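Grab a pencil and open the viewer. Below are a few exercises, each with a solution worked out step by step.

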Amino acid sequence: MLMSAQTFFITTAIDYTNAPPHIGHAYEKVLADVIARWHRERGRPVFFLTGVDQHGQKVQQSAEKAGVPPAQFAREITEKFKALWEKLGVAYDGWAETTDPRHIAAVQAVLQQLHDQGDLYKARHSGHYSVRQEQFLTDKERNAQGEFGPEWGEVVFIEEENWYFRLAKYRPWLAGHLAEHPDFVFPSFRGNELANAVAKEAGDLCISRPKSRLGWGIELPFDRDYVTYVWFDALMNYATFAGFRAQDGTGLPDFKELWPCDAHVIGKDILVPAHGIYWPIMLKAAGFEVMPKLLVHGWWNLGGTKVSKSSGNVVDPDALADRYGAEALRYYLMRDIATGQDADFNEERLKARYNADLANDLGNLVNRTVSMARRYRSGTLAAGPVDKSADALAIEVLGSEAARRFDAALGAYQIHSALEAVWELIAAANGFVESSAPWKLAKDPDRVARLDEVLVTLVEAARLAAVLVHPVIPQASDELLAQLGCSGNFTPVWGVVAAGHTVGEPRPVFPRLEPEAAA
Ligand code: MSP
């Protein structure tokens, strides 16, 4: 049995290259990136894999509409995704593209194995087929009026011979696996949804498409007239780009160092059936005993309805990053949603959070702290009183508590509550500036030790806040730490700054959005 080494292996759903990225894609990548960065900063090795899903009917159709070959179309959209991840600071270790020959070879090897062990069979089927969802429909999918609703897009009646995967044979195993591994799906209410679906789901899975109607896919190695169903191909990326069945010298990681995956980060729409049913059964059939874990996030909606290209309400993350900065967008996407739940995207909220949280609270704390240290101590801190005052001690206790809460919340994927803990510290530190009034202390020669205590406490509070937010806003955090004279020190607990510490130069990192720029 393969055991995971200490490397935290995190992946995201790979994005379809049938259309450019939207805000939902950006959210998912930033979420995974924040988790990956947090592990790295706490000294745990991480392998973060993401990429694009380039095959399938959707891509073929979009390419036809654009009048270019599917390979060219997929390439162009792939470049857009890559450029966006770079702009948003998504620091992945592995990049998956399903047209990669290394992936194709490994997928074909698994198909051949399943074929040879009798898990695939060929049968003739006629029925209604949804072009949009790339699947055959049954009466279950009809609505109250007995029709296939608009969510299925164009539905055509087809009769054809195809290859089927014996999903039904493995269903009892999957039901048992879910019962024995309640941590297979996070959050647990999604696990319950999956268990209910497994109890209902019946039948085998059609895993082929005749080349006569879909040429854009991976050829079945044992029947060259067919390509494999896009999900069979796409799901395998999590293993193939982690080095599963890789030839030597291909530059892919050592699979046994990585598997099983600690978190496949996916949206709620692709849990059932793809990741919750097909994927574990594919792995089981291929001989895997240890299964990965799924981290299922909710959706960003717009005005209460889902963001989708067909409804024309796509929010462009690239334009938002240009307008407000990539870091402000990352912060908003992590702060205004609870992982697992849905949220409504609202540009006004983004602006409000920028001005309140980033400019007024965090930015201002660092700016005034550094300015005061320079004004009253020429930038170099001195020792405070021997016994700490109660109010300074209260900030220290809050800081230690914030650091503990931050790590606990992040470990439970609750980034928004991790950030809440930091902002409580920031608010308390800003309150401490007001209540201790260093500008008054500076005028009173008897209060020198008290002023030193206040300054050391504020620099340490600001440092700890900047360190904790690093996974979410890495560039801004680096800049803030440099101003505080703490570059490169990511110690995530209270107590680094001491007498003799020298701060850097203050410079606004999050200048307030002016009303006209915000309009
Ligand atoms: N190609 C498949 C995934 C294959 S994984 C083996 C796919 N691609 S997708 O481009 O449609 O979606 C990629 C990811 O973005 C999915 O996890 C999906 O849930 C997520 N999101 C798409 N729209 C979203 C929102 N509006 N909000 C949050 N995430 C959403 O599915």
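**Exercise 1.** Find the residue of β17 that stands opposite N301, then work out the sheet around the pair.

*Solution.* Keep in mind that this is a predicted model. Start at N301: its opposite number in β17 is D344. Next, look at the strands involved. β15 covers residues 300-302 and is joined to β17 by two bridges, with the two strands running parallel. Now zoom out to the open sheet of three strands, which goes β16-β15-β17 and has mixed pairing. Finish at the edges, where you'll find β16 (305-306) and β17 (343-344). Each has a single partner strand, so one side of each has no neighbour in the sheet.

**Exercise 2.** Do the same for the sheet that holds P210, beginning with the residue it faces in β12.

*Solution.* P210 sits opposite Y226. Strand β12 spans residues 223-228, and its pairing with β10 is antiparallel, over three bridges. The open sheet here has three strands in the order β10-β12-β11, paired antiparallel. On the edges are β10 (208-210) and β11 (219-220), which pair on one side only.

**Exercise 3.** Describe how α11 and α12 pack, and say what kind of residues make the contact.

*Solution.* Two numbers describe a packed pair of helices: the angle between the axes and the distance between them. For α11 (residues 317-324) and α12 (residues 326-335), the angle is about 115° and the axes are 6 Å apart. Then list who touches: α11 brings P317, L320, A321 and Y324, while α12 brings A326, A328 and L329. Sort them by type and you get seven nonpolar, no polar and no charged residues.

**Exercise 4.** Which residues have the most contacts inside the largest nonpolar core, and which helix gives the most to it?

*Solution.* This core has 105 residues, and I10, L88 and M334 have the most contacts within it. The top helix is α17 (residues 448-468), giving 13 residues. There's also another core lying apart from this one, with 61 residues, including A13, V107, A274 and I281. Now take M334 and skip its neighbours within four places in sequence: its contacts are Y27, V30, L31, V34, I415, H416, L419 and V472.

**Exercise 5.** Is N355 buried or exposed?

*Solution.* First place N355: it's in helix α13 (residues 347-377). Its relative accessibility is 13%, and the cut-off for buried is under 20%, so N355 counts as buried. Beyond residues up to four places away in sequence, N355 touches N360, R512 and L513.

Methods
Residues numbered from 1 in each chain as written. Predicted model: local features only at pLDDT ≥ 70, side-chain atom pairs only at ≥ 80, totals over all residues. Heavy atoms only, no water. Pairing = 2+ DSSP bridges. Helix = DSSP H or I, 4+ residues; strand = E, 2+ residues; numbered from the N terminus. Core = buried A, V, L, I, M, F, W, Y, C linked by side-chain atoms within 4.5 Å. Buried < 20%, exposed > 50% of the residue type's maximum accessible area, 1.4 Å probe, protein only. Contact = heavy atoms within 4.5 Å. Axes fitted to C-alpha atoms, helices over the stretch in contact; angles between N-to-C directions. Nonpolar A, V, L, I, M, F, W, Y, C, P; charged D, E, K, R; others polar.
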